[in-house]
Amino acid sequence: MRNGGKSLWRRLKNFLKLLYYKVMRTSGTPEYIARGVAVGIFISFFMPNMFQTIPALALAFLIRGAKIPAMLITWISNWWTAVFIYPVQCYIGSILVFHPLSYEEIAERTRQAFLDMKTMDFEQFWQLGRELTAAFLAGGLVFGVAAAVPGYFLSLKLVRKYRALREERRKRKMARPQTDKVKRKKKQREPEDEQRNGTR
């Protein structure tokens, strides 16, 4: 069991590391990339995870955000995380639309939905019930905005920091051959200086 937990944690770390570098290495301004990240975060809450790619691309295009980060970040709502996020999101959303549902009822209905999600289309999604669908969208809107705004500023800071460190490493790398060249010249001069001192 412990080995299984470690293996899962290792996979999660590798996934997050891959996601981080994919986003950081995206071309464009930091603001452009951060807008794409914010789009991905918003869509990951506002849309079910089987309907996210096209809305993420469309919204990223609309607000001039990076398309690749927008698609990649939607992966935060996947088959594992959605099991925990969606019931809470629907519960909060049901209160917002003035049709509160019990958490147990939401958990059961979303659990059943997850069993059918691989073959689910929009028609089946709406058939989950108007109350639950409205609760999902309302909760997703609130959760999405609440997460996307700090996500924008955090990703903006991370991209700027990553590029500053990369530029610093590049300058060090460029300066290293010059310092090595100076050291070699200095070593070459030492025997000549000793000979001059000896002749004197």
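**Notebook: Ser 94, aromatic pairs and the helices**

I began with Ser 94 and looked up what it touches in this predicted model: leaving aside its neighbours within four places in sequence, Ser 94 is in contact with His 99, Pro 100, Leu 101, Ile 106 and Ala 135. I then placed Ser 94 in helix H5, and I noted that Ser 94 counts as buried, since its relative accessibility is 0% and the cut-off for buried is under 20%.

Next I went through the aromatic rings, taking as a pair any two whose centres lie within 6.5 Å, and by this rule the count comes to nine aromatic pairs. I looked up Tyr 21 and Tyr 162, whose ring centres are 6.3 Å apart with their planes at 70°, so I recorded the pair as edge-to-face, the cut-off for that label being over 60 degrees. Because Tyr 21 lies in helix H1 (residues 2–24) and Tyr 162 in helix H8 (residues 130–199), this pair ties together parts that are 141 residues apart in sequence. For cover, I found Tyr 21 partly exposed, with a relative accessible area of 30%, whereas Tyr 162 is buried at 10%.

I also looked up Tyr 86 and Phe 136, which form an edge-to-face aromatic pair, 5.0 Å centre to centre and with 85° between the planes. Since Tyr 86 lies in helix H5 (residues 82–96) and Phe 136 in helix H8, the pair ties together parts that are 50 residues apart in sequence. I noted that Tyr 86 and Phe 136 are both buried. Returning to Tyr 21 and Tyr 162, I found that they form one aromatic cluster together with Tyr 20.

I then checked the length of helix H2 (residues 30–46): at 1.5 Å a residue its 17 residues should span 24 Å, and I recorded agreement because the end C-alpha atoms are 24 Å apart. Helix H2 is mostly covered, with 13 of its 17 residues buried.

Last, I looked at the chain as a whole, where I found eight helices and zero strands, in the pattern α-α-α-α-α-α-α-α when read along the sequence. Of the 200 residues of the chain, 32% count as buried. Among contacts in the chain between residues at least 6 apart in sequence, I noted that 74% join residues at least 24 apart. The accessible surface of the chain comes to about 14000 Å², and I entered 62% of that surface as belonging to carbon and sulfur atoms.

Definitions and conventions. Residues are numbered from 1 along each chain as its sequence is written. This is a predicted model: local features need pLDDT of at least 70, side-chain atom pairs count only at pLDDT 80 or more; totals for chains, interfaces and linings use all residues. Side-chain values use heavy atoms; hydrogens and water are left out. Rings of Phe, Tyr and Trp (its six-membered ring) pair if their centres lie within 6.5 Å; planes under 30 degrees apart count as stacked, over 60 as edge-to-face and the rest as tilted. Helices (H or I, at least four residues) and strands (E, at least two) are DSSP runs, numbered from the N terminus. Buried means under 20% relative accessible area, exposed over 50%, partly exposed in between (1.4 Å probe, protein chains only). Contact means heavy atoms within 4.5 Å. The expected span of a helix is 1.5 Å times one less than its number of residues. Accessible areas come from the Shrake-Rupley method with a 1.4 Å probe; for residues, only the protein chains shown count as cover.
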